[in-house]
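Good morning, and thank you for making time for this presentation. Please look at the structure on the screen while I describe how its parts fit together.

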Amino acid sequence: MAFTLGKKYKLVLVDLLFQGKADAAPEPRSFEAHAADLAHLLQALQLPEIILVGISFGGAVAQRVLVNNPELVQAGVLLSTFAYRDTYFKAICHTWEAALEAGGTALMVDVMLPMVLSRSYFLKPIISIEKLRGSKANQSLINENVLHQLAAIKESGNYLES
């Protein structure tokens, strides 16, 4: 997707802490801390028009930037993300954590993909499921980093709820 969009738009791909190949911090980072980092980056880049796109965990971060720093972006696109944690979402997180502990990141990715991508994606994928599995494996996800992500999700509460 980035390759295709990159033909027409200038892209800045951000690898959040505990995601992909980013460095890890000693403790879990909240969505608010990630959003503050992203806001500082956007301010430093001083790009003329920004459309912020966030997927899954990154979508939760993007939501906070869009709400807390609307002056930095012109629009936002959120994919497979969440604003609040209900019983269904807590069950998903529990399933991901159990898969991670039982079979490592490979099993967790296999369990996660159908929930994140939806049935329609599996029926007509833009990128093959095999490539997606391979790309996650190539990123060398570390169990401890994923556990930090899950801890941040568990601690996040419901966004914008008083």
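I shall begin with one helix, α3. Its buried residues are F57, G59, A60, V61, A62, Q63, R64 and V65. Please keep in mind throughout that this is a predicted model.

What do these buried residues of α3 pack against? Their partners are the helices α2 and α7 and the strands β1, which covers 51–55, and β2, which covers 75–79. As for its geometry, α3 consists of 12 residues and spans 17 Å from its first C-alpha to its last. That is close to the 16 Å expected at 1.5 Å a residue.

Let me now place this helix in the whole chain. The chain contains 7 helices and 2 strands. Read from the N terminus, the order of elements is α-α-β-α-β-α-α-α-α. Of the 162 residues in the chain, 35% are buried. If we take the contacts between residues at least 6 apart in sequence, 60% of them join residues at least 24 apart.

I turn next to the interior. The largest nonpolar core has 34 residues, and within this core M108 and I153 touch the most other members. Five helices each supply at least two residues of the core: α2 (31–45), α3 (57–68), α4 (87–117), α6 (129–138) and α7 (143–156). Which of the helices gives the most to this core? That is α4, with 11 residues.

I153 deserves a moment of its own. Setting aside its neighbours within four places in sequence, I153 is in contact with F31, F57, F82, R85, F89 and C93. One of these contacts, F57, is a residue we have already met among the buried residues of α3.

Finally, the surface. The chain exposes about 10100 Å², and carbon and sulfur atoms supply 57% of that area. On this surface, I51, V53, I55, V77 and L79 make a nonpolar patch of about 400 Å². Both β1 and β2 supply at least two residues of the patch, and the largest share, 3 residues, comes from β1.

Is V53, for instance, buried, exposed or partly exposed? V53 lies in strand β1. Its relative accessible area is 46%, and it therefore counts as partly exposed, the class between under 20% and over 50%.

To close, let me return to the two strands: β1 and β2 pack against the buried residues of α3, and both also contribute to the nonpolar patch. Thank you for your attention.

Note on methods:
Residues are numbered from 1 along each chain as its sequence is written. This is a predicted model: local features need pLDDT of at least 70, side-chain atom pairs count only at pLDDT 80 or more; totals for chains, interfaces and linings use all residues. Side-chain values use heavy atoms; hydrogens and water are left out. A nonpolar core is a set of buried Ala, Val, Leu, Ile, Met, Phe, Trp, Tyr and Cys residues joined through side-chain atoms within 4.5 Å. Buried means under 20% relative accessible area, exposed over 50%, partly exposed in between (1.4 Å probe, protein chains only). Helices (H or I, at least four residues) and strands (E, at least two) are DSSP runs, numbered from the N terminus. Contact means heavy atoms within 4.5 Å. The expected span of a helix is 1.5 Å times one less than its number of residues. Accessible areas come from the Shrake-Rupley method with a 1.4 Å probe; for residues, only the protein chains shown count as cover. Patches are made of residues with over 30% relative accessible area and no salt bridge: like charges are joined within 9 Å, nonpolar side chains (Val, Leu, Ile, Met, Phe, Trp, Tyr) within 5 Å. A salt bridge is a side-chain nitrogen of Lys or Arg within 4 Å of a carboxyl oxygen of Asp or Glu.
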